[in-house]
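Here are my notes on the model you sent over. I've put them as numbered points, so you can follow along in your viewer.

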Amino acid sequence: MEARTLEEFQQYTPRTGTRSVKWDLIEDFYQDKDVLPMWVADMDFKTPQAVTDALTSRVEHGIFGYTIPDQDVKESITGWLHDRHGWETETDWITFSPGVIPSLHMIIQSLTEIGDNVLIQTPVYPPFYSVVKDHGRHIVKNPLLHKEDRYEIDFEDFENKIKDNQVTMFILCNPHNPVGRVWTKQELEEMSRICRKHGVKIAADEIHADLILPPNKHIPIASLSEETNQQTVTCLSPTKTFNLAGLQASYVITANKEDKKKLDKHFKNQGMMMLNTLGITAMEAAYTHGSDWVDALTEVLKEHRDYVIQRLENETGSVRALPIEGTYLLWLDCSQMGLSQTELKKFMQKEARVGLNDGASFGEEGRGFMRLNLAAPMSTLEEGVTRIIKAVQTFEQS
Ligand SMILES: Cc1ncc(COP(=O)(O)O)c(C=O)c1O
């Protein structure tokens, strides 16, 4: 990887005053403007130059009327999925959407019935709970097993919960936010086998699919076999990968014709049939020119992960970071501090003065944990980690 590309990720770009949720809502969330924000899942890195160039050129045109994501845009998606993930998809399988969360709302409403039971693996990204409950469906939990350094799936519980509750849909998170697992082929095959056996549809949230720390490899669950492809709808987006969340451009891949018809009808009924002009431009540019940039990004994220793990291990006795395999969200095990969740949150905010996500917001299994965002230049990361270490050392000595 060219040193110049890697250096890009160490440039600090102030975001305060850009209406950034992460940087401009610090005082609202933490009642202290000097808390260092390491929470919301976007990055403090600039998007690739090719994306900014494409946007600049489109902005200079000056007219922003209704815009179609045409065949070229669709082929940039199928090309990306082929090149990065070895997944053969067809442009007819694509449904555009402003975001993965809107897509999950649509999927639940169009592919399950009111009163249905939907399985999730906890702790998990908080909207997984609301996209189910908000529409009169019920949550069934298959808690992940925390084993030393990593989380694993309790397959016996997975199948029993499906059988006992007549579950109709499973929402998979791969890579998993917040525990950072990139599920292996074997794990995916077992989940898929059980779902097929019991007629359970899979809604796969693979928004973090490109954020894989080497040498791990992402396997889209739908790519496992034709049968799995037919039972799965996959939500994807360039927004996490290329730091484009504010442009709201995402899509769903559905090979099953009947499901695609139901889903498209639902999107249409909600008046959600278009993407914004700049989102389309950014998506096409990112997927066409962004591959080397993603390789550099994942190398940087891996280095940042190892840096935080090492420092916490060497300099504290009671806080550990799990060796995540994907995403840029580090799951910090603070359970050895022996604090209640309220005390832990207060400690990070008032003593360490860092803005982290509350582990318990991902489900009760997240108690004793906090989530830290690694996607910032090393200068920011170093500052945040040093703040945590100093506060923990003082706590440990008291
Ligand atoms: C697993 C997961 N799904 C979905 C989202 C949000 O997706 P969107 O902004 O496209 O709605 C996030 C953002 O953090 C996420 O981590």
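1. Where is Gln31 placed? It's in the loop between α3 (26-30) and β1 (36-37). Before going on, keep in mind that this is a predicted model. I'd have a look at the backbone here, since Gln31 is not a glycine and yet has a positive phi of about 55 degrees. As a reminder, most residues other than glycine have a negative phi, and most peptide bonds are trans.

2. On the subject of peptide bonds, there are cis ones to look at. Asn177 and Pro178 are joined by a cis peptide bond, with omega at about 20 degrees. Pro178 belongs to the loop between β7 (169-173) and α9 (185-197). Another cis bond links Pro214 to Pro215, and there omega is about 5 degrees. You'll find Pro215 in the loop between β8 (201-205) and α10 (226-231).

3. Now the ligand. Which residues sit around it? The list reads Ala41, Gly99, Val100, Ile101, Pro102, Tyr125, Cys173, Asn177, Asp205, Ile207, His208 and Lys240. Sorted by class, this shell has seven nonpolar, three polar and two charged residues. Helix α6 (residues 100-111) is the element that gives the most to the shell, with three residues.

4. Then the polar side of the ligand site. The side chain of Asp205 has an N or O atom 2.5 Å from a nitrogen atom of the ligand. For Asn177, the residue that also takes part in a cis peptide bond with Pro178, a side-chain N or O atom is 2.8 Å from a ligand oxygen. Lys240 likewise has a side-chain N or O atom 3.1 Å from an oxygen atom of the ligand. As for cover, the ligand has 400 Å² of accessible area on its own, and the protein covers 87% of that.

5. Next, the seven-stranded sheet. This one is open, with mixed pairing, and its strands come in the order β2-β10-β9-β8-β7-β3-β4. Why is one side of β2 (94-97) and of β4 (138-141) left without a neighbour in the sheet? Both stand at the edges and each has a single partner strand, so there is nothing in the sheet on the other side. On average, neighbouring strands here are turned by 25 degrees against each other, ignoring direction.

6. Staying with that sheet, β8 pairs with strand β9 (residues 232-236) in the parallel sense, over four bridges. If you want one pair to click on, Ala204 has Thr234 in β9 as its bridge partner. Helix α11 (residues 257-269) lies across β2, β8 and β10 (250-254), and runs at about 25 degrees to β2.

7. Further along the chain, look at the four-stranded sheet. It's open too, ordered β11-β12-β15-β14, with antiparallel pairing. Its edge strands are β11 (320-321) and β14 (357-358), each of which pairs on one side only. Strand β12 (residues 329-333) and strand β15 (residues 369-373) are antiparallel partners over five bridges, and Leu329 stands opposite Asn373 in β15. A helix goes with this sheet as well: α14 (residues 341-352) lies across β14 and β15, at about 30 degrees to β15.

Methods: Residues are numbered from 1 along each chain as its sequence is written. This is a predicted model: local features need pLDDT of at least 70, side-chain atom pairs count only at pLDDT 80 or more; totals for chains, interfaces and linings use all residues. Side-chain values use heavy atoms; hydrogens and water are left out. A residue is near a molecule or strand if one of its heavy atoms lies within 4 Å of it. A polar contact is a pair of N or O atoms within 3.5 Å; within protein, one must be able to donate a hydrogen and the other to accept it, and residues adjacent in sequence count only if both atoms are side-chain atoms. Accessible areas come from the Shrake-Rupley method with a 1.4 Å probe; for residues, only the protein chains shown count as cover. Helices (H or I, at least four residues) and strands (E, at least two) are DSSP runs, numbered from the N terminus. Ala, Val, Leu, Ile, Met, Phe, Trp, Tyr, Cys and Pro count as nonpolar, Asp, Glu, Lys and Arg as charged, and the others, Gly among them, as polar. Two strands pair if DSSP finds at least two bridges between them. Contact means heavy atoms within 4.5 Å. Axes are lines fitted to C-alpha atoms, for helices over the stretch in contact, and angles run from 0 to 180 degrees between N-to-C directions.
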